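User: I would like to go through the terms used for this model one by one, and to hear the reasoning behind each of them.

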Number of protein chains: 2
Amino acid sequence: MGIDSEQAAVDDEAFLADFAALSAIGATESGGVERQAATDADRATKVWLGDWLRQRGFEVRVDAIGNLFGLLEWTPGAPYILMGSHLDSQPCAGRFDGAYGVLAAAHAAVRLRDRIAGSPEPPPFNVAVVNWFNEEGSRFQPSMMGSGVFTGKLDLAEALSTPDSDGVSVQQALEEIGFAGTGQMPEIAGYAEIHVEQGRELEAEGVTIGLVESNWAAHKYRVVVRGEQAHTGSTAMEERRDALLGAARLVVAARELIDHAPPRRLHTSVGQLTVTPNSPVVVAREVKLHLDLRSPDQEVLEEADRRLRAEFARIEREAQVEIEVAKAHFWEIEPYQPAGVSMAEAIAGELGLSRRRMLTLAGHDSTNMKDIVPTVMLFVPSAQGIAHNEFEYTSDADLLAGVTMLTEVASRMCRGDLKN
Amino acid sequence: MGIDSEQAAVDDEAFLADFAALSAIGATESGGVERQAATDADRATKVWLGDWLRQRGFEVRVDAIGNLFGLLEWTPGAPYILMGSHLDSQPCAGRFDGAYGVLAAAHAAVRLRDRIAGSPEPPPFNVAVVNWFNEEGSRFQPSMMGSGVFTGKLDLAEALSTPDSDGVSVQQALEEIGFAGTGQMPEIAGYAEIHVEQGRELEAEGVTIGLVESNWAAHKYRVVVRGEQAHTGSTAMEERRDALLGAARLVVAARELIDHAPPRRLHTSVGQLTVTPNSPVVVAREVKLHLDLRSPDQEVLEEADRRLRAEFARIEREAQVEIEVAKAHFWEIEPYQPAGVSMAEAIAGELGLSRRRMLTLAGHDSTNMKDIVPTVMLFVPSAQGIAHNEFEYTSDADLLAGVTMLTEVASRMCRGDLKN
C-alpha cells in the first residue's frame with residue numbers, strides 16, 4: 001500500500017468512526033434516530049458538529065435561523081464553496097438522511113485543506129460546511145427552513161414566529177437549545193450536497209453515484225376540513241357534518257389521482273392528519289391535514305391540481321363539510337445547472353465510479369440553493385429505497401465513495417470550474 | 001299562589017341557580033363545558049357536589065373507581081333507590097349532558113326527603129344520588145366505566161389500570177385529583193336516571209318527557225391499521241403500505257354501510273383517529289381508530305358487522321396494510337323493565353306532562369344498571385338534537401318538568417312500586 005492509499009484508508013476509517021459517533025445521538029432501538037428540529041437531540045448534534053469543526057480549525061458561526069456554518073479560509077475575503085445538508089430528522093427516522101451529507105461535507109473540506117496545504121498557491125474560493133436548520137419540516141413547517149431563509153425565499157421573521165403543534169415558536173425553541181445565533185451568513189460562490197437517494201433506482205441498476213439533474217415539482221397543501229361537533233351515537237346520519245369523513249374522502253381522493261396520471265409520474269400523499277376533538281363518541285368538528293402532490297412533469301401536476309380542487313367541491317357537498325386550503329407551497333421543476341451535472345459526471349468517470357443522471361423526488365436544501373448559486377447534487381444508493389424509516393441503509397462502501405466524489409467536486413468548484 | 005306552589009317556585013329557582021353554578025365549572029367561552037374524566041374540572045365538580053350533598057345532610061361516599069354517592073337514610077339498613085348520571089364531559093361539550101341528571105337526582109332526593117318528613121311512616125327504601133365516574137369515555141375507554149364496575153360488568157383492577165393517551169392510568173389520575181376512594185358501594189333496589197335526549201324526536205313532536213323502552217344495540221371496535229413508514233415524496237406509490245390510506249378507506253367504508261341498511265336503522269362513525277408518526281412527509285406506519293356501529297335492530301347490526309369485516313379484508317389487500325380489531329365492545333338491545341316504563345307513563349299522565357315511549361341511541365349508565373335492578377330512564381328534549389357540542393340546549397321549563405317527574409318516579413320506587 002502506497003502513502004496515498006494508506007492515507008485514504010485512514011481517512012475512510014475516520015469517516016466511518018465519526019458517522020457511528022454521530023448516529024449515536026438520538027439513536028432509536030432499531031438503529032435509527034429521532035432528532036426533530038430544535039429538540040434536545042438536534043441540539044446535541046449541533047454541539048457535536050461545532051466541536052468537531054473547531055477542533056479542526058474551522059471558524060464556527062450560527063446564524064439567526066439556527067444554521068451552523070464551519071468556515072475554512074485560505075484566500076482571505078474570497079467567497080466560499082459551501083457543502084452540507086441537515087442533521088435534523090423525522091420522528092423515528094433513519095441515520096443517513098441528511099446526517100451523511102453534513103459529515104461527508106465536513107470530511108471533504110478537511111481532505112481538501114490537506115490537499116491544498118501541499119500546493120503552491122491556494123484556490124480562488126474558500127470552503128465551508130453547513131448544517132441547515134429544520135430541513136425535515138416535521139415539527140415546524142415549511143421544511144427546508146434554514147436554506148429557505150439563507151436564500152431569501154422565506155422571511156426570517158416569519159420563520160422565527162412559526163409555531164409547532166404545542167405553540168412553541170422556532171425563536172423560542174432555538175433559544176431553549178442555545179442555537180439562536182447572531183453569526184453572519186457567509187458569502188458563497190457555489191453549493192454541493194450529497195444525500196442518500198431515498199429511492200431504489202441506483203440500487204436496481206448497481207450504480208454508485210446519482211447525478212441530480214432536476215427536482216420533481218411539488219404542490220404541498222395545508223388543508224382544514226370543517227364540520228360540526230355532534231354525538232356519534234344519537235345524531236341522525238343525514239344531519240352529520242363529519243369533518244373526519246370529509247378528510248378520509250380527501251385522503252382516498254388524493255390517492256386515486258394517480259389513476260388518472262401516467263404510470264410513476266405522480267406521487268400523492270397525506271402524512272399528517274389531526275382530528276378535533278378526537279374523542280371516540282364525538283363526530284369531529286375539524287381535521288387538519290397536509291396533502292402533497294409531486295411529479296417530474298409540470299402538466300401532470302397541474303392536471304392533478306385541477307382534479308384535486310374538483311374533489312374538494314364534490315367532498316364538500318357529499319360530506320356536508322367545508323374544505324379550506326389554508327396554505328400552499330409550490331416547487332416548480334427546475335434543473336440544476338447542466339454544467340455542474342456534466343462536471344460531476346466527468347469526475348465520477350475519472351474516479352472510476354459508476355454513475356447515472358437522475359431526478360430527485362424529495363426536496364433538498366440544494367433545491368433552494370441552486371436558484372442562487374451553481375449547485376451540484378449527488379446521491380448514493382439507499383437499500384430497497386427505504387426512507388424516513390429506522391431501517392434506512394446505505395453500505396459503507398457507497399458512503400465512502402460518496403465522500404471521495406464530494407471531495408473532488410468541492411476541489412473543482414473551489415478552483416473556479418463552475419462559475420455563475 | 002298557595003303554599004305548595006310557592007314552595008315549588010322556590011325549589012325551581014334553587015334548581016336553576018344550582019345548575020348555573022355547576023355549569024360554571026370548566027365552562028367554555030361558547031356556553032359549554034370541558035370536564036373530561038379525572039381532570040381538574042372533573043375534580044372541581046366532585047368537590048362541588050360533595051359539598052352540596054353534605055350541606056343537605058347526605059352521607060357522601062367515594063368508591064374505588066371514583067363514583068361519588070350521596071345517601072339519605074330514613075329506614076335504617078334498607079337498600080337504596082339510586083338516582084344519578086355523570087358530571088364528566090366530552091371535550092368542548094354541552095353543559096346539560098349528564099350534569100342535568102346528577103343535579104336533578106340531588107334535587108329530587110331533597111324534595112322527597114322533605115315530603116317524607118311530613119308523612120306518618122317512612123317508605124321501605126332509602127334514596128341515594130350518584131355521580132358515575134367516566135361515563136363519557138373520551139379520556140379513558142371504555143365509557144360508562146363507573147357503572148360498569150358497579151354492576152360487575154367491568155373488572156375494577158382492569159378499569160384502574162386503563163391508560164389515557166399519555167399513559168396515565170385511571171388509578172393515578174384518581175389519586176392525583178384526590179378521588180381514589182375507599183367507600184363501600186351502597187346496596188340498591190332500583191335506579192332512575194334522567195338525561196337530555198341528544199336527538200330531536202321530543203322537540204319535533206312537542207313532547208316533554210321521553211320514556212325509554214330500550215337502548216339501541218352497539219358494536220364498538222378499537223382498530224389498529226398497520227403499514228410501513230416511508231418517505232411521502234420519494235417512495236414509489238406501488239411500494240407504499242400507507243396506514244393512513246387504509247384508515248381513510250375504513251372511515252369511508254364505515255359510512256357507506258348505511259347505504260345497505262334500512263333508512264335510519266343504522267348509525268356508523270369514527271370519532272377518534274390517531275396517526276403515527278404524523279409528520280407531513282412521512283407515510284404513516286400505524287393508525288389507531290374507534291369505529292362504532294349502532295342499530296335498534298340486531299339483525300341490521302349483524303349484517304353491518306359482516307359487511308364491515310369484508311371491508312377489512314378488501315382494504316387490507318387494496319392498501320397493502322394489516323387491520324387488527326384490538327378490542328370490541330358489544331351492547332345488545334335490551335329493554336328496560338316494562339313495568340317501569342308503564343309506571344313512568346302513568347306518572348307523567350298524572351302530572352299532566354306530555355310523554356312518549358322511545359329508544360335511546362346513546363349509551364347511558366342506566367344501560368348497565370337495568371341489568372341488575374329495576375330501572376327507569378327518562379329524557380327531556382334537546383333543542384335541534386344538538387349533542388356533544390357546546391351549543392347543546394334544553395329549556396328551563398323542560399329541565400324543571402324533568403325534576404318534577406324524576407321526584408315522583410323516585411317517590412313511587414322508594415315506596416316499593418317497582419320491585420324485582
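**Reasoning from value to term**

Analyst: The model is a predicted one. A convenient place to begin is A:P277, which lies in the loop between β9 (267–276) and β10 (282–283) of chain A, and the peptide bond that leads into A:P277 from A:T276 is cis, with omega near 0°. In chain B, the bond from B:Q141 to B:P142 is cis as well, with omega near 5°, and B:P142 is placed in the loop between β4 (126–131) and α4 (145–150) of that chain.

User: What makes A:N278 buried or exposed?

Analyst: A residue counts as buried if 20 or more other C-beta atoms lie within 10 Å of its own; A:N278 has 20 such atoms within 10 Å and is therefore buried. A:N278 sits in the loop between β9 and β10 of chain A, and its phi is near 60°, a positive value in a residue other than glycine.

User: Which class does A:N134 fall into, and why?

Analyst: With 31 other C-beta atoms within 10 Å, set against the cut-off of 20 or more, A:N134 is buried. A:N134 is not a glycine, yet it has a positive phi of about 45°, and its place is the loop between β4 (126–131) and α4 (145–150) of chain A.

User: Why is A:G416 called partly exposed?

Analyst: The term covers counts between the limit for exposed, 12 or fewer, and the limit for buried, 20 or more; A:G416 has 13 C-beta neighbours inside 10 Å, so it counts as partly exposed. A:G416 is found in the segment after α12 (396–414) of chain A, and, leaving aside its neighbours within four places in sequence, it is in contact with A:P124 and A:F125.

User: What makes the relation between chain A and chain B that of a two-fold axis?

Analyst: Chain B can be laid on chain A with an RMSD of 0.1 Å by a turn of 180° combined with a shift of 0.1 Å along the axis, and that is the relation of a two-fold axis. Within chain B, the C-alpha nearest the axis belongs to B:A248, at 2.2 Å from it.

User: How do you know that the copies meet through the same surface?

Analyst: Because 100% of the interface residues of chain B are also interface residues in chain A, the copies meet through the same surface. The contact involves 52 residues of chain B and 52 residues of chain A. On the side of chain B that touches chain A, at least two residues each are supplied by β8 (230–231), α8, β9 (267–276), β10 (282–283) and β11 (286–295), and by class that side has 23 nonpolar, 24 polar and five charged residues.

User: Why are α8(B) and α9(B) called roughly antiparallel?

Analyst: The axes of α8 (residues 243–256) and α9 (residues 298–319) of chain B come within 10 Å and cross at roughly 150°; angles over 145 degrees count as roughly antiparallel, and that makes α8(B) roughly antiparallel to α9(B). The crossing of these helices is right-handed.

User: Which residues of α8(B) and α9(B) meet there?

Analyst: From α8(B), B:L245, B:G246, B:R249, B:L250, B:A253 and B:A254 meet B:L308, B:E311, B:I315, B:E318 and B:A319 of α9(B). By class, this contact has seven nonpolar, one polar and three charged residues.

Note on methods. Residues numbered from 1 in each chain as written. Chains lettered and ligands numbered in written order. Predicted model: local features only at pLDDT ≥ 70, side-chain atom pairs only at ≥ 80, totals over all residues. Helix = DSSP H or I, 4+ residues; strand = E, 2+ residues; numbered from the N terminus. Least-squares fit on C-alpha atoms with pLDDT ≥ 70 in both. Contact = placed C-beta atoms within 7 Å. Axes fitted to C-alpha atoms, helices over the stretch in contact; angles between N-to-C directions. Parallel < 35°, antiparallel > 145°, perpendicular 65-115°, else oblique. Left-handed = near helix turned anticlockwise from the far one by under 90°. Nonpolar A, V, L, I, M, F, W, Y, C, P; charged D, E, K, R; others polar.
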